[in-house]
Amino acid sequence: DNAILPCPIKIFDVMTGSVISRLDAHAEEIVSLKKAKFCGENFLLSSSEDGYMIKWKMNEDYSDALSHSRIDDPTTCMAMSMHFVPNCGNKYYIGGCDDAIKVFDFQHEKRVETFDGLYSYLCDCVKFIDCKEIECEENENFLISKGVEMHSQDNDKEVMFPNKCILHKLIHPGADGKWMLEEVMRFENEEFFANLYLCRLA
């Protein structure tokens, strides 16, 4: 019936190969999972095609969850990729959500900024990178994103736009409290069609 079963996070004992705990909360496939320390405590952060991102407070050895909560973002339909913002103690992270890149406050579990319209269908991969060839300020970070484009309404095998990756500069808030995202460079070719997700950037 093409139904999608709820997808747990399973934690394995690598010595025995047995499952020692299951973290149940997502209704569809989990597509991104991050491990983080924040204020001396252990966490996992998961995202799913169900549109939710879930923050899991873990015990000391990550063998089980003590509690979990959803990140407050009622606008997202598909949360495809996540990456913690460098040099901020894991207080903030970005997500590839629907056609946008969103900035989230991990501590307060809420969305703080949205940069939408980057791709016609999905922004399915976001990743912070070192880019020593281009200068940036102390409050700036480079990140690269990849997207999936819409198919033509007349021909479902025809992609409307060539696929691309975009190098961005994320600028941390100043006195006005606003995050900014600047496009630095596009990597695209009119003959490049790789319209699959999830294709991760290495």
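Colleague: In this model, which loop holds the place of N163?

Modeller: The model is a predicted one, and in it N163 lies in the loop between β12 (140–148) and β13 (164–171).

Colleague: Why is N163 called buried or exposed, whichever applies?

Modeller: The relative accessible area of N163 is 2%, and since buried means under 20%, N163 is therefore classed as buried.

Colleague: What does the side chain of N163 reach, and at what distance?

Modeller: The N163 side chain comes to 3.4 Å from the backbone oxygen of G147, and because a polar contact is a pair of N or O atoms within 3.5 Å, that distance falls inside the cut-off.

Colleague: M160 is found in the loop between β12 and β13; what makes M160 count as buried, partly exposed or exposed?

Modeller: M160 has 47% relative accessibility, and because buried means under 20% and exposed means over 50%, the value belongs to the class in between, so M160 is partly exposed.

Colleague: Which residues form a nonpolar patch on the surface?

Modeller: The patch is made up of Y121, M150, M160 and F161, whose accessible area together is about 370 Å². Membership requires over 30% relative accessible area, and the 47% of M160 therefore satisfies that condition.

Colleague: How do you know whether M78, in the loop between β6 (65–70) and β7 (79–84), is buried or exposed?

Modeller: The relative accessibility of M78 is 14%, and as the limit for buried is under 20%, M78 is therefore counted as buried.

Colleague: Why is strand β11 described as largely enclosed by the rest of the structure?

Modeller: Strand β11 (residues 122–129) has eight residues, and six of them are buried, so the strand is largely enclosed by the rest of the structure.

Colleague: What makes β11 and β12 a pair?

Modeller: Pairing requires at least two bridges, and β11 and β12 have seven, in the antiparallel sense, so the requirement is met; C125, for instance, has K146 in β12 as its bridge partner.

Colleague: How do you know that both faces of β13 are covered?

Modeller: K164, I166, H168 and L170 on one side are all buried, and so are C165, L167, K169 and I171 on the other. The split into two sets follows because side chains in a regular strand alternate between the two faces of the sheet.

Colleague: Which strands pair with β13, and over how many bridges?

Modeller: β12 pairs with β13 in the antiparallel sense over seven bridges, with L170 as the bridge partner of N141, while β13 and strand β14 (residues 180–188) pair, also antiparallel, over eight bridges, where C165 is matched with F187.

Conventions:
Residues numbered from 1 in each chain as written. Predicted model: local features only at pLDDT ≥ 70, side-chain atom pairs only at ≥ 80, totals over all residues. Heavy atoms only, no water. Helix = DSSP H or I, 4+ residues; strand = E, 2+ residues; numbered from the N terminus. Buried < 20%, exposed > 50% of the residue type's maximum accessible area, 1.4 Å probe, protein only. Polar contact = N/O pair within 3.5 Å; in protein donor to acceptor, adjacent residues only side chain to side chain. Patch = residues over 30% accessible without salt bridge, like charges linked within 9 Å, V, L, I, M, F, W, Y side chains within 5 Å. Areas by Shrake-Rupley, 256 points an atom, 1.4 Å probe, with all protein chains shown as cover. Salt bridge = Lys/Arg side-chain N within 4 Å of Asp/Glu carboxyl O.
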